[in-house]
Amino acid sequence: MQRIMALGRHGRLLAWAAGFAVALSLIQDARAQTWPVKPVRMIVPFPPGAAPDVVARLVADRLSHAWGQSVYVENKPGAGGIPGMSTLARSAADGYTVGFVPAAAAVLTPLLYKQPQYDVDRDIVPVAAVGTSPMMVVVPGTSAIRSVADLAREGKARPGTLNFAAAQAGSVPHLTGEMLARAGGFQLFTVPYAGSPAAINAVLAGEAALTIDGIPALVQHVKAGKMRALAVTSPQRLPGLESVPTVAETLPGFESLGWFALFAPTGTPGPVVERINADINRLLDDKELVSRLADLGVYPMHGSAADLQAFVRGQQAVWKNTVQELAIQPQ
């Protein structure tokens, strides 16, 4: 009899737990249906004018129209994106803070800093991929260097004298430059700057021989003739930039891609994550937005939150190998 009574109590507890779970799910679904009811903050861990910022503001504007609520960008640059990423990780998990995260902050900073102050796998969750963005290698518009082959010859002839303006130490553009020099068998004198705008200005002023960055931050200067594009780092030439060769055409097998994705603090309700993901995927089907992104050298990347998680894990492995090959020690 006692055993029967115990089983009865156990059964009631299981039933209560199941009922609670169903009720909680219904509440979350209802919140997702009404969300957002106030402005949404989009943290960008890089400075205004940098490639992530340019694309983030375009996406934020479209989301504002889709949601009927303001989606405002908050730039928190510095130290490989640590200030912005740690702020994202500590933010309330209520769906009203998301991060527009570039590859560097998600997969490089945790490898290059001893104390990054956030854990991508623990503190934040993937929400939606936005797109990939190949790098572009540029020199001043007045430079005598007109190709990757010219760059390699100059680098070999004058080892370590070509000033490479790195957008930020430990960034994808920075490591792409180091990879390029290694692949081409020449040396660069790397000068790290506080961000893309400073590195770009150094090239525009003739203080640096070259820089490498995401296409969004460079394409306007190339079109204006103030910079010359030597190559892009994608496997194939890019739509709209067909005249610009790939690095791989000179150095076979070379490839380096940046990418952008939305993340949220761990604990953000699943239905809200699904809602954001679905809305981003719908935006990426809009021909006008796709065209705007293409003008910036960004190519849409559809998929679920689970797809993004798998992609990020793959990228973590790729860049871990790169950092080890370059023998870079965490700071």
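Arg158 comes out as partly exposed, at 41% relative accessibility (20% to 50% is partly exposed, under 20% buried and over 50% exposed, with a 1.4 Å probe and protein chains only). Its salt-bridge partner is Glu154, with the closest N and O atoms 2.6 Å apart; a salt bridge here is a side-chain nitrogen of Lys or Arg within 4 Å of a carboxyl oxygen of Asp or Glu. Glu154 is partly exposed too, at 26%. The model is a predicted one, with pLDDT of at least 70 needed for local features and 80 or more for side-chain atom pairs, while totals for chains, interfaces and linings use all residues. Numbering starts from 1 along each chain as its sequence is written, and side-chain values use heavy atoms, leaving out hydrogens and water.

The structure holds eleven salt bridges. In helix α2 (residues 51-67; helices are DSSP runs of H or I, at least four residues, numbered from the N terminus), Asp53 and Arg57 sit four residues apart, about one turn. Their side chains meet at 2.8 Å, N to O. Asp53 is buried at 4%, whereas Arg57 is partly exposed at 40%.

Helix α10 (residues 270-283) has Arg282 and Asp279 three residues apart, so about one helical turn separates them. This pair also forms a salt bridge, at 2.3 Å from N to O. Arg282 is exposed at 52%, but Asp279 is buried at 8%. Elsewhere, Arg41, Glu74 and Lys76 are joined into one network by salt bridges that share partners.

Note on methods:
Helix = DSSP H or I, 4+ residues; strand = E, 2+ residues; numbered from the N terminus.
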